[in-house]
Every structure is written in structure tokens, then in C-alpha cells.
Amino acid sequence: MDESSLKNPVRQAPLQGVVVVDLTRVLAGPYLTMMLAEMGARVIKVERPGLGDDARHFGPFVEGQSAYFAGINRGKESIALNLKDPEDREIFLKLVKKADVVVENYKPGTMEKLDFGWHRLSEENPRLIYAAVSGFGHTGPYRDRPAYDLVAQAMGGIMSLTGHAGDRPVRVGTSLGDIAAALFGLSGVLAALYDREVTGRGTKVDVAMLDCQVAMLENAIGRFFADGQIPGPIGMRHPSITPFSGLQAKHGEYLVLAVGNDSLFARLCELLGRKDLIADERYSTNVNRTQHHESLYRELERALEGKSASEWLELFNQNGIPCGPINNVKEVVEDPQVLSRNMIVKAEGEQGLVFRMSGNPVKFSDYPDHDVRDAIPKCDGDRAAILDFLENPP
């Protein structure tokens, strides 16, 4: 860690002074290291000479540059190293000795074959935090299997809960397998950084995409062990809270209602002009409402037919009913709340090309959240600055 940044009272970000060597590619690892960069770490991305990160070749493209790559690699520096080449191996080891964190998302065993596994690197730098993100982790019978997001979603159970009963299995619409592993990996790295301040030692953080999907099953696992029934897809509704679903209003427009207790349900019924539902024994408690969700949703949609979704949403929001529209991506990126929270930011690519992308959802009271981020790195574009850092640290 750069000691000068810790002594300097004027800090710009919570991880200022932390140096990260980023060996990752595609999505899970790069998202993790992007979040470290967002929090102020210096992230040095090590790429393959001539090719770079695989994601540089994934569309969509803008003037030949990958928007996919741009969205998860802003604010990093790039150096191209062949980890089988003796000279490049020496440069890499110099980086490791200067680093606080190394992150990789290779198939387990790959770094050991290069003689750069956890034990070797920790000998070079005992304070190093080594984070590995993989499909199945570094232990267990599946450790050597390759995996992508789709495999993790399928094996981790989330696809069995997504969609409507009787339909074909449905993948969640974003790469939740990768993103979950990135965020759990991020939490592990941050915990390890704190632990190092106490113990003085680094550690290995081993995160598996499959494990993360299991962790995100939340009450599905609890329900299975409670009653022995295997949960399945139930569309938009919640398995144990009612009304908690998407419902149709006038003209077939959808809105969502999340009514989590009896008092909210009573208020909803009053606003809908259906006070009779409050006294109906079938709907008197949340347990009863969930048991009779089909008939309740029919009654609510009959009442909702009287106004458009936007009219109901205005009324419900004025009266404290948790609700919202079902936005498409265009509506999300134009939403005034999203914009006010700086969740759409800009970063410059090559030849001055500007990309727009999602921002950082973590806001810190003492640090700025700028709407323009540091640039997207060109492959090997920061070699001179990185080599200078190795020879002449600040």
C-alpha cells in the first residue's frame, strides 16, 4: 500500500493507495476489480500481448471499440505481459511485490502451472491478498470444470425459480452468476484488507460462482427444509407475501405492488374502493392472502381496470403504498431518480470516444462521486507509467 496516501490528510477515495494487480478477463473478475477502482484503488490490468482481455472482442461495438469492455474496465491501467516469457515474468513479480491485492479468474490450477499460485506469490509478498474467482472454487469434485454464467445459474437453482409455472426454464436477464461472484469477491477482498491491518498478513480469497448462486437462493432453501416441498417458478409473485406481484391496470399496463403487512393492505383496499376485501376472511392476514392469492389478484385487477398504471402509481405513491412501474432499459437510464443518484456516468475510450455506462451504487459521504470516470485503458497503453512505478515508486 502506498504509505504516502495514508499520511496525506487529503484523500479522494476510501481505497486510495491500494494497488491491485488484475489478471482477470471477461466479466466476473473485471467487475470485481472495476469496483475496487471505483473505490479508489490503483488497478493495473495485466493482459495478453496482442489480444488483451477477451471482452475487448465482444459487442456491441462503437467505432470498433467494445462497449461491453468499456462498461467494466474504466479507470484501470493496462500492461500486456506474457506470463511464460522470462522478462515479462520478472515484471509481473515486481508488480506482485508492490501490490496489495492480486485478482485472477482463471480455471483452478492455471496459476500453479505458471508457478504463480497463492503459495508462491505469498512468499514473494506476505501481505498480499490473493483473490480467485472461478466457476466452482479451488476445492471440491467440480473444481476442474469450466463454467460460465449460464452454467452457474442453471446449477445454482435460480433458473428453477425464474419464469412461470409450466414454462421452459428461464435465465435471469443479466449475468447474475458473474455479477454475484464479483460482489461476493469484492466483499471478501475488503474484509481481507481489514484483516491484514490487524494481523499484518495477507490471505487467499476463494470465490465460486456456484457457491454465490446457492447463497442467493435465500428463502427457497429455508422453505425446502421447512416443508420438504421443492420450490418452483411462480412468475412475479412472492411465495410468502401477498399482494406482492405485478398486476394489470387499464389498457393492459402493468405495475408492481409490494404490500408487506395488514395495515398497508387495508390502505390499498381503501384506495381501490374495495373495503370489502379487508373484511373478507380469505384476505384478513398475510398467510390467508397468500393461500388465496389467485382469487385476491383477480379482485385487485378488477379494481385496477378503472385507471391507467401511471394514475394508480401517482395515487399509491402519495399514500405510501410501495409500488412502481416495470421500466425498460430506456426508461431506467432516463429516470430522474437514477440520474439524480449519478447512476449513469461517462468514460473516455480511444480517440476521444465517450461511452455512457452505469455508475457506482455505493456512495460515501466524505468522497466525491463524479459523473465522469477515468478513461478506459488501451491494451498495453500504460506500460511506461507502470514500469516507472515499479522503478520509482511515489
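# A tour that starts at aspartate 262

Select aspartate 262: at 39% relative accessibility, this residue counts as partly exposed. Here, buried means under 20% relative accessible area, exposed means over 50%, and partly exposed is in between (1.4 Å probe, protein chains only).

Before moving on, please note that this is a predicted model, in which local features need pLDDT of at least 70 and side-chain atom pairs count only at pLDDT 80 or more, while totals for chains, interfaces and linings use all residues. Residues are numbered from 1 along each chain as its sequence is written, and side-chain values use heavy atoms, with hydrogens and water left out.

**Stop 1: the partner of aspartate 262**

Add arginine 289 to your selection. Aspartate 262 forms a salt bridge with arginine 289, and their closest N and O atoms are 2.9 Å apart. Aspartate 262 sits in helix H12 (residues 262–271) and arginine 289 in helix H14 (residues 286–291), so the pair ties together parts that are 27 residues apart in sequence. A salt bridge here is a side-chain nitrogen of Lys or Arg within 4 Å of a carboxyl oxygen of Asp or Glu. Helices (H or I, at least four residues) and strands (E, at least two) are DSSP runs, numbered from the N terminus.

Is arginine 289 buried or exposed? At 0% relative accessibility, arginine 289 counts as buried.

**Stop 2: around helix H12**

Now show the whole of H12. Its buried residues include Leu264, Phe265, Ala266, Leu268 and Cys269. What covers the buried residues of H12? The cover includes strand E10 (254–258), helix H13 (276–279), H14, helix H15 (293–304) and helix H16 (309–318).

Just after H12, click on glycine 273, which takes a positive phi of about 70°. Then pick arginine 274 and aspartate 276, which form a salt bridge with their closest N and O atoms 2.9 Å apart. Arginine 274 counts as buried at 18% relative accessibility, whereas aspartate 276, at 44%, counts as partly exposed.

**Stop 3: a bridge between two strands**

Select glutamate 77 and arginine 42. They form a salt bridge, with 2.6 Å between the closest N and O atoms. Glutamate 77 belongs to strand E5 (residues 77–80) and arginine 42 to strand E2 (residues 42–47), so this pair ties together parts that are 35 residues apart in sequence. Glutamate 77 is buried, with a relative accessible area of 15%, while arginine 42 counts as partly exposed at 26% relative accessibility.

For a network, select Glu38, Arg74, Lys363, Asp369 and Arg373, which are linked by salt bridges. How many salt bridges does a search of the whole structure find? The search finds 25.

**Stop 4: helices H2 and H9**

Colour helix H2 (residues 28–38) and helix H9 (residues 176–199). Their axes come within 8 Å and cross at roughly 45°. That makes H2 oblique to H9. Axes are lines fitted to C-alpha atoms, for helices over the stretch in contact, and angles run from 0 to 180 degrees between N-to-C directions. Angles under 35 degrees count as roughly parallel, over 145 as roughly antiparallel, 65 to 115 as roughly perpendicular and the rest as oblique.

H2 passes H9 in a right-handed crossing. A crossing is right-handed if the near helix is turned clockwise from the far one by less than a right angle, and left-handed if anticlockwise. Among the residues that make the contact (heavy atoms within 4.5 Å) are Tyr31 and Met35 of H2 and Leu186 and Val189 of H9.

**Stop 5: helices H4 and H19**

Next, show helix H4 (residues 86–98) and helix H19 (residues 383–391), which pack at an angle of about 60° with their axes 10 Å apart. H4 is therefore oblique to H19. This crossing is left-handed. The contact is made by Ile91, Lys94, Leu95 and Lys98 of H4 and by Arg383, Ile386, Leu387, Phe389, Leu390 and Glu391 of H19.

**Last stop: glycine 381, then zoom out**

Find glycine 381 in the loop between strand E14 (372–373) and H19. At 51% relative accessibility, glycine 381 counts as exposed. Add isoleucine 79: the two are 302 residues apart in sequence and 6.6 Å apart in space, C-alpha to C-alpha.

Finally, show the whole protein chain, with its 19 helices and 14 strands. Along its principal axes the C-alpha trace spans about 80 × 45 × 45 Å. Of the 394 residues in the chain, 44% are buried.
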